[in-house]
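Colleague: I've got this model open and I'd like to learn how to read it. Could you walk me through it, feature by feature?

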Amino acid sequence: MSDQQHVYPVREDFAAKAWADKATYQAMYQRSLDDPEGFWAEQAKRLDWFTSPTKIKHTVFDTHNVDIRWFEDGTLNASVNCLDRHLETRGDQPAIIWEGDDPKDSKTLTYRQLHERTCQLANALKSLGVARGDTVTLYMPMIPEAAMAMLACARIGAIHSVVFGGFSPDALAQRVKDAGSKVVITADESVRGGKNVPLKDNVDAALTREGTDVAEKVLVVQRTGGDIEWQDGRDVWYHDLVDQQSSDCPAEPMGAEDPLFILYTSGSTGTPKGLKHTTGGYLLHAAMTHQYVFDYQDGEIYWCTADVGWVTGHSYIVYGPLANGAISLMFEGVPSYPTNGRMGEVVDKHKVNILYTAPTAVRALMAHGDNVMDSSKRDSLRLLGSVGEPINPEAWEWFYRVIGNEQCPIVDTWWQTETGGIMIAPLPGATDLKPGSATLPFFGVQPALVDNEGNLLEGATEGNLVILDSWPGQARSIWKNHERFLQTYFTTYKGMYFTGDGCRRDEDGYYWITGRVDDVLNVSGHRMGTAEIESSLVAHDAVAEAAVVGFPHDIKGQGIYIYVTLADGVEPSDELKKELTQWVRKDIGPIASPDVIQWAPGLPKTRSGKIMRRILRKIAANECDGLGDTSTLADPSVVEELIEHRAIK
Ligand code: 6R9
């Protein structure tokens, strides 16, 4: 079927009111390439600066010398942009609408309230010894305090590092240590799907690990009142300390290139990387994309269902929307609790206009059938968005028809932790939609496709997705490891940023992301390195060797398929499978739970000892007929054996 049969043209009524129609998009995009200095100097005016930037763009994508600076002589403060500057015009407008895990729990914070509490928290952090340039780790539930903590750090020039609340104590410890955080902010427990998660216990456990003694203080929000251990001198109740603080806290003037936050993400090798994002360019990119891609109009209720532990939560729950003075809905729970209709019910309850979610959530609902949305009308919705992984056309159509009542354009937004904000996506008043395609680049973004040798490919074709020049929201480095930043992103294809994604471009120039081309899995929109899971497994006494690959999964997009070679003398058993599953969950977190474990007496290797993952991926996907060239295998019989004992038949 040709792509052309699936085009949803821009709706006239939408284009008439949108921030950008076709002509505007084309003119602005062209200008952003022809005159980046002029274009971005103008756009920078959407932020409030203490000192306006005069130097706009200084970016070098040289393999040996990657140097990315935007607006480098400007000074500003992100919290002022997200809070103070709205007080006069919209102080009493909601900034955050919070919907608790329990449908009876919700509250609203106005810009004035959010400002006041953020300032109090900022003063509290100062009283704990946090100063400009220090790092603070946040391990928090989806509660307004998480947004306040990010903004409070920004206010005093501290650098936040948010760690997703689903990560294990070991994963948390590694991140506290790498960031060198003096203070950890957490809660007694978080609540998700009616279950309590022991955040504070996890922090306690994490801080017993070697190298975490940098963390001198733990600030604890009381969310549930559950039982927790207390370490006098280290642990401080949030309500004891914060409530007594002054709500006057002058904001630090930060250089545009001063770090705003670190966020860890998985790569194909080694430990997670702390991507470093800076203040000016990041905030501008987040705010501008939030306005144009979601076509955000004043007063609308906007809901991004991500967790603040991921980059989507950073850019599109906190920084982008708040910089734009938007009303951002923050949801503590999960879409399936108390019933599968919850997402629609939250939309109706708060009259949500824009809903930004993940394909995995759509597919999970779709699996229950159309009736799953019967408990809600969703007639307040105007626009839908998708992020985190490729959305298959069936899920796109279902999202459009059932959730959006055939009334709402869908913006499929491709981007990454590294890119800071949306890179390829339709603008709803400007771009005709094709289900499954992230469509066209945002202003200033120059995507290209290259073959494996790095040759640029023209026209309708498929290849590796690279970006040819810098954009303001780009990560500047990896925390304390610039060399790794160069290695990871700028050595594969010289002079270009390599995304790690494969992509097709059609005859209309539309981009279709096909998924990772490296050893990174995308499970329910969560990024995970196969190497991380493998190193966790081989640390178990029973395991001699392990290889992890992704396989197609109806709901998660990709599932985790593990081949395990047991140590000598260890017998395979179902108990051992359970034990290994628990081991990985405990080591990394529940998001890394294996879906399938297959015992592998041997793994297919080249004669030089490299595991041939290509073959393992095929076997996991049940594509055993097309294994391709196996002539380089050291022992071909290994493959027969694995096929015969496939775990999924
Ligand atoms: C924002 C975010 C990034 C990886 C990225 C790609 C995949 C994200 C996508 C998409 C197809 C989309 N991805 N959005 N693939 N279409 N609309 O998810 O960041 O967690 O760093 O993941 O996710 O593979 O490289 P992050």
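**Reading the model together**

Modeller: Sure. Let's start with a helix packed on strands: helix H6 (residues 144-156) lies across strand E6 (135-139), strand E7 (159-162), E8, E11 and strand E14 (259-265), and it runs at about 175° to E6. Keep in mind that this is a predicted model.

Colleague: Which sheet has E6, E7, E8, E11 and E14 in its order?

Modeller: The general idea is that strands of a sheet pair through backbone hydrogen bonds, either parallel or antiparallel. Here the sheet is open, has eight strands with mixed pairing, and reads E12-E11-E8-E6-E7-E14-E15-E24. At its edges you find strand E12 (235-237) and strand E24 (477-478), each paired on one side only.

Colleague: How many bridges join E8 to E11, and which way do the two run, parallel or antiparallel?

Modeller: Strand E8 (residues 183-187) and strand E11 (residues 217-221) run parallel, joined by five bridges. If you want a spot to click on, Val183 stands opposite Lys217 in E11.

Colleague: And the sheet with E21 and E23 in it, what is its strand order?

Modeller: That one is an open sheet of five strands, E22-E21-E23-E25-E26, with antiparallel pairing. Strand E22 (456-457) and strand E26 (511-516) each have a single partner strand, so one side of each has no neighbour in the sheet.

Colleague: How does E23 pair with E21 and with E25?

Modeller: Strand E21 (residues 447-450) pairs with E23 in the antiparallel sense over four bridges, and Leu449 has Leu465 in E23 as its bridge partner. E23 is also joined to strand E25 (residues 497-505) by six bridges, again antiparallel; there, Ile467 is partnered by Tyr497 of E25.

Colleague: How many residues of E23 are buried?

Modeller: In general, side chains in a regular strand alternate between the two faces of the sheet. Strand E23 (residues 461-467) is mostly covered, with five of its seven residues buried.

Colleague: How about a helix: how many residues of H8 are buried?

Modeller: Six of the eight residues in helix H8 (residues 199-206) are buried, so call that helix mostly covered too. The buried ones are Leu199, Lys200, Asn202, Val203, Asp204 and Ala206.

Colleague: Where does UniProt place the "binding site" feature?

Modeller: The unreviewed UniProt entry puts it at Arg192, Gly193, Gly194, Lys195, Thr312, Ser524 and Arg585. These positions span 394 residues in sequence and their farthest two C-alpha atoms are 24.0 Å apart, so they do not all gather at one spot.

Colleague: Take Gly194 and Lys195. Where do they sit?

Modeller: Gly194 is in the loop between strand E9 (190-192) and strand E10 (195-197), while Lys195 lies in strand E10. Gly194 has a relative accessible area of 44%, so it is partly exposed. Lys195 is at 60% relative accessibility, and because exposed means over 50%, it counts as exposed. Beyond its neighbours within four places in sequence, Gly194 is in contact with Asp101 and Tyr337.

Colleague: Last one, the ligand. How many residues surround it, and which are the closest?

Modeller: There are 17 residues around the ligand, and the closest are Asp412, Thr413, Thr417, Asp501 and Arg527. For polar contacts, look at the atom pairs. A ligand nitrogen atom lies 2.8 Å from a backbone N or O atom of Thr413, and a nitrogen atom of the ligand is 3.1 Å from a polar backbone atom of Gly388. With Thr417, an N or O atom in the side chain is 2.5 Å from an oxygen atom of the ligand.

Conventions: Residues numbered from 1 in each chain as written. Predicted model: local features only at pLDDT ≥ 70, side-chain atom pairs only at ≥ 80, totals over all residues. Heavy atoms only, no water. Buried < 20%, exposed > 50% of the residue type's maximum accessible area, 1.4 Å probe, protein only. Pairing = 2+ DSSP bridges. Contact = heavy atoms within 4.5 Å. Axes fitted to C-alpha atoms, helices over the stretch in contact; angles between N-to-C directions. UniProt positions renumbered as here; feature names shortened; annotations may be inferred. Near = heavy atom within 4 Å. Polar contact = N/O pair within 3.5 Å; in protein donor to acceptor, adjacent residues only side chain to side chain.
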